[in-house]
Every structure is written in structure tokens, then in C-alpha cells.
Amino acid sequence: MTSDNDRRRGLLARLRERPAARSRGRRRLGAAVRLLAALMLAGGAYTVFAPGAQAQDTPLTGAAAEGKALFDVSCVTCHGRNAQGVEGRGPSLVGVGGASVEFQVGTGRMPMARQEAQAQRKPELFTDEEVRQLAQYVQELGGGPVVPEGDNLHADGNLAAGGELFRINCAQCHAFGGGGGALSSGKYAPSLRPATDRQIYAAMLSGPQNMPVFGDNQITPDQKADIIAYIQETLKHDRDPGGFNLGRYGPSTEGLAIFLVGIVALVFASLWIAGKS
């Protein structure tokens with residue numbers, strides 16, 4: 001009797017274990033299916049939204065094709081074959097837009113001779129047309145900010161409004177006279193003297209080096225035109241009616257000049273008066 005009862009209990013236990021084992025198998029299979037579906041969904045989303053993948057499948061326009069030929073000769077070493085960037089050499093250009101290219105290449109800052117704290121302005125290696133072609137190629141790779149057409153972007157600018165905007169947003173780094181100034185970590189805000197309308201506009205859109213980005217939500221296109229008008233028509237043509245401008249570096253040089261000239265003159269005048277009395 002005892003052995004029969006034991007056999008019955010063992011049979012019942014095995015019957016109970018089989019549904020539990022099948023249930024665990026179904027859960028594992030379901031988890032694997034869900035994981036596979038999630039991976040397929042992520043891959044599909046990346047294919048749809050990744051700008052680099054879209055750029056490779058979209059035919060380039062004529063100007064962009066010319067820009068790609070220039071890019072493959074002059075830029076690929078640092079920025080990679082598809083402008084995805086090369087670690088330790090150059091960042092990705094996908095999504096930076098044509099404005100960034102116009103500023104960096106149009107001012108001779110790119111190509112860089114060596115890695116420095118900041119790219120310095122140099123004589124341009126490309127013509128204006130070649131700069132536009134490179135900018136068009138990068139623009140078609142992944143979009144981004146672009147400079148409006150034309151070379152005169154301040155024709156309708158308001159000088160008074162531009163001066164106010166410049167003093168609020170730009171003078172802290174570029175100085176009130178546009179001569180530039182030192183920043184931290186070996187960087188500096190460059191002089192605005194040699195900058196063209198397109199280069200100033202491109203700098204505001206792309207925010208090179210330590211400069212913040214001034215998109216159209218921060219400074220509207222009309223306000224950008226006002227700032228450019230103030231720089232081109234006032235800062236570059238100011239004849240310094242007050243006398244010697246001391247380099248237009250601001251209160252530091254003025255205070256030093258006052259101390260070296262004014263205070264020293266007063267000291268000698270005081271000594272001379274004391275000697276005569």
C-alpha cells in the first residue's frame with residue numbers, strides 16, 4: 001500500500017511540474033520575441049532619423065557634388081569619408097550646416113595646420129565659389145543653419161538698434177570697439193575688422209569656438225542685419241573724434257594710460273611746486 005501511494009504521489013508531482021516547465025518556456029520565448037521586436041524597432045528608427053544614412057542615399061546636387069570632390073581632397077583626413085569625424089583629429093560635420101563651413105573655411109581657419117586652443121584666422125585656401133560648394137555639400141549631408149543669399153546682408157539694418165544689440169550681446173567678448181579680447185584657456189574673441197557680412201552672419205548662426213549660438217529664436221534675421229550694419233558702418237568707420245583710441249581695448253588700457261601719464265605728471269608737478277615753495 002505504501003509503495004502504491006508513493007507512486008501516485010510521484011505521478012501527481014510530475015503532472016504538476018510539466019505545466020510549470022511549459023509556462024517557463026513560453027515566458028522565455030515571449031521575452032526573446034519582445035527583445036527582437038525592440039531591436040528591429042530601434043534599427044528602423046535609426047534608419048529613418050539618422051541624417052548620415054539619409055545623406056548617403058540622397059543624390060547630391062551639382063554644387064554639392066563639386067564640394068564633395070573638394071572635401072575628399074582637403075578635409076577627409078580629419079573629418080572622415082562621410083564627414084562623420086575622426087577621433088582626435090576633427091569633429092563630425094553632419095548637421096552643422098553650411099553656415100559653419102562658410103565661417104571656418106571662408107576665414108582660413110580651416111584647414112588647421114595643427115591642433116591648438118583655437119583656430120586662428122589665416123589667408124583663405126579656397127575661393128568664394130569653392131567655399132559655397134563645400135558649404136552646400138555639408139548642408140546636404142545633414143542640414144543645419146545656412147546663411148541667406150547675397151553679400152550685402154545689412155542694407156536694411158538699423159544702426160541705432162544694432163548698436164544696442166551689439167553692446168548687450170557682443171561687446172563683452174569683442175570689446176566695445178570690435179577689436180576683440182582675451183578669454184580663458186588660451187582662447188580669445190577675434191577682431192571684427194576683417195569680417196564680411198556673410199562671415200559675421202555665419203558666426204552668429206554657428207557659434208564657433210567659445211561664441212554662443214544666436215539662432216533666429218534668440219536674435220531674429222532683422223536684428224542680425226542691424227548688428228552687421230552697426231559693425232560695418234560704425235565700428236569700421238569710426239574716426240575716433242575724441243583723439244588717440246589706445247587700441248580700443250576698453251577701460252584697462254585707458255586706466256593704465258591715465259595712471260602712467262596723469263598720475264606721474266601730478267607727482268612731478270607736486271614735487272616741482274614743493275621745490276619752489
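Me: What area does the chain expose, and what share of it do carbon and sulfur atoms supply?
Reply: This is a predicted model, in which local features need pLDDT of at least 70, side-chain atom pairs count only at pLDDT 80 or more, and totals for chains, interfaces and linings use all residues. Residues are numbered from 1 along each chain as its sequence is written, and side-chain values use heavy atoms, without hydrogens and water. Accessible areas come from the Shrake-Rupley method with a 1.4 Å probe, and for residues only the protein chains shown count as cover. The chain exposes about 17500 Å², of which carbon and sulfur atoms supply 60%.

Me: Is Leu266 buried or exposed?
Reply: Leu266 lies in helix 11, residues 251–276; helices are DSSP runs of H or I with at least four residues, numbered from the N terminus. Buried means under 20% relative accessible area, exposed over 50%, and partly exposed in between, with a 1.4 Å probe and protein chains only. Because its relative accessible area is 55%, Leu266 is exposed.

Me: What percentage of the 277 residues in the chain is buried?
Reply: The chain has 11 helices and two strands, strands being DSSP runs of E with at least two residues. By the cut-off under 20% relative accessible area, the buried share of the 277 residues is 30%.

Me: What percentage of the contacts with a separation of 6 or more comes from residues 24 or more positions apart?
Reply: A contact means heavy atoms within 4.5 Å. Among contacts in the chain with a separation of 6 or more, residues 24 or more positions apart account for 62%.
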